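Dear colleague,

Please find below the sequence and structure that I am handing over to you. My notes on what was found follow directly after.

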Amino acid sequence: MRIVILGAAAGGGFPQWNCNCGGCRRARAGDPAAKPRTQSSLAVSADGERWVLLNASPDLRQQILANPALHPRHGARHSPIGAVVLTNADVDHIIGLIDLREGHPFSLYATPEIQDVLAANPVFGVLNPALVSRRPLALNGPVEIDTPTGPSGLSVEMFPVPGKVALFLESEGMRLDQETGHTVGLELRANGRRVVYVPGCARVSDALFNRMHGADVVFFDGTVWHDDEMQAAGVGTKTGRRMGHLPIAGPDGSLAALQHLRAGRKILIHINNTNPILLDDSPERAALAAAGWEVAEDGREVTP
Ligand code: MLT
Ligand code: MN
Ligand code: ZN
């Protein structure tokens with residue numbers, strides 16, 4: 001199995017277009033210890049021929065250009081992208097679907113809840129239904145990912161992760177850590193390898209811990225270091241938890257909850273631009289490394 005990190009940042013990317021926080025300023029200035037990152041997505045392949053996108057970010061066009069594995073190879077029109085799998089319906093995970101118009105066939109896997117969100121937004125009608133097959137996928141059952149040119153060789157299982165609906169569907173009084181089809185994690189298997197991808201998570205349940213335990217690679221929600229870091233940086237009023245993302249630090253954070261997690265590699269992904277772990281020289285980065293966690297970088301290939 002090959003995995004390419006297309007985008008390691010959370011919604012907004014790093015630097016974010018309108019953000020003047022310390023990290024974004026360093027990234028904009030070209031500081032080598034503050035590497036820019038595009039928005040949240042992975043590309044996965046079992047055979048190196050057919051690729052599956054895990055989420056489709058608003059930066060997808062740029063991500064495809066930057067990664068030769070995703071360039072056209074045969075004939076006048078071609079793309080190795082044969083399927084897209086979504087973990088929620090947030091803007092940073094669905095807008096890239098619009099880049100995939102232009103008459104290219106692929107399979108689109110998501111829970112019925114997420115498929116309904118796409119179906120209710122007519123702009124996604126730019127994906128020609130004769131070419132793009134939308135496949136609702138039930139939770140907790142592995143399926144072989146199929147592409148228009150044949151089986152991908154990858155199996156995926158969607159499982160519920162404590163979370164919420166997409167930001168643009170929020171309502172008064174909604175729960176922030178419910179396990180529904182609106183926020184899921186993915187368990188991928190190919191060639192005897194097992195990878196778990198959880199880019200958004202409000203709480204580490206026992207079931208989630210057990211799902212990740214023993215995997216060859218775990219990609220986990222690294223949105224914020226401190227729950228209130230956006231307020232502290234003066235860039236926003238929301239906490240990480242309000243956004244459906246548990247913080248990394250603190251007694252209730254992911255670092256503590258996953259202290260005993262055993263996995264071949266443990267990589268934080270979907271990282272907000274205010275998070276100090278984006279800075280290679282920060283003490284927070286050093287603390288993570290000491291605990292065995294890596295920080296995702298765009299363009300890195302991970303081979304489980
Ligand atoms: C999130 O992960 O909280 C969302 O991407 C927020 C957003 O869509 O802006
Ligand atoms: Mn997001
Ligand atoms: Zn910023």
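In this predicted model, ligand 1 is surrounded by Asp-90, Val-91, Asp-92, Leu-167, Met-243, His-245 and His-270, where a residue counts as near a molecule or strand if one of its heavy atoms lies within 4 Å of it. By class, this shell holds three nonpolar, two polar and two charged residues; Ala, Val, Leu, Ile, Met, Phe, Trp, Tyr, Cys and Pro count as nonpolar, Asp, Glu, Lys and Arg as charged, and the others, Gly among them, as polar.

Side chains from this shell offer N or O atoms to oxygen atoms of ligand 1. For Asp-90 the distance is 3.4 Å, and for Asp-92 it is 2.9 Å. A polar side-chain atom of His-245 lies 2.8 Å from an oxygen atom of ligand 1. The protein covers 79% of the 270 Å² of accessible area that ligand 1 has on its own; accessible areas come from the Shrake-Rupley method with a 1.4 Å probe, and for residues only the protein chains shown count as cover.

As to conventions, residues are numbered from 1 along each chain as its sequence is written, while chains are lettered from A and ligands numbered from 1 in the order in which they are written. Because the model is predicted, local features need pLDDT of at least 70 and side-chain atom pairs count only at pLDDT 80 or more, whereas totals for chains, interfaces and linings use all residues; side-chain values use heavy atoms, with hydrogens and water left out.

I turn next to the metals. The manganese ion (ligand 2) has as protein donors Asp-92 (OD) and His-270 (NE2), at 2.0 to 2.2 Å; donors are N, O and S atoms within 2.8 Å of the metal (3.2 Å for Na, K and Ca), and water is not among the atoms, so sites may look incomplete. Asp-92 belongs to helix α3 (residues 91–94) and His-270 to the loop between β12 and α8, so the pair ties together parts that are 178 residues apart in sequence. Helices (H or I, at least four residues) and strands (E, at least two) are DSSP runs, numbered from the N terminus. Asp-92 is buried, with a relative accessible area of 7%, and His-270 is likewise buried, at 5%. Here buried means under 20% relative accessible area, exposed over 50%, and partly exposed in between (1.4 Å probe, protein chains only).

The zinc ion (ligand 3) is held by the protein donors Cys-19 (SG), Cys-21 (SG), Cys-24 (SG) and Asn-273 (OD1), which lie 2.2 to 2.3 Å from it. Its site is tetrahedral, with angles of 100 to 118° among the four donor atoms; four donors count as tetrahedral if all angles lie between 85 and 135 degrees. For reference, the ideal angle for four tetrahedral donors is 109.5 degrees. Along the chain, the donors of the zinc ion follow the spacing C-x1-C-x2-C-x248-N. Cys-21 is in the loop between β1 (2–7) and α1 (22–28) and Asn-273 in the loop between β12 (265–269) and α8 (283–290), so this pair ties together parts that are 252 residues apart in sequence. Both Cys-21 and Asn-273 are buried.

The loop between β12 and α8 also contains Asn-272, which is buried at 9% relative accessibility. The side chain of Asn-272 makes a polar contact with the side chain of Thr-274 (2.7 Å). A polar contact is a pair of N or O atoms within 3.5 Å; within protein, one must be able to donate a hydrogen and the other to accept it, and residues adjacent in sequence count only if both atoms are side-chain atoms. Thr-147, in strand β7 (residues 143–147), is buried with a relative accessible area of 4%, and a polar atom of its side chain lies 2.7 Å from the backbone oxygen of Gly-150.

Some backbone features may also deserve your attention. A cis peptide bond joins Phe-14 and Pro-15, with omega about -5°, and Pro-15 lies in the loop between β1 and α1. Asn-55, although not a glycine, has a positive phi of about 75°; this residue sits in the loop between β3 (51–54) and α2 (60–66) and is buried, with a relative accessible area of 0%. Asn-191, also not a glycine, has a positive phi of about 50°. Asn-191 is in the loop between β9 (184–190) and β10 (193–198) and counts as exposed, at 58% relative accessibility.

With kind regards

Note on methods. Four donors count as tetrahedral if all angles lie between 85 and 135 degrees; four count as square planar and six as octahedral if opposite donors are over 155 degrees apart and all others between 65 and 115; anything else is irregular.
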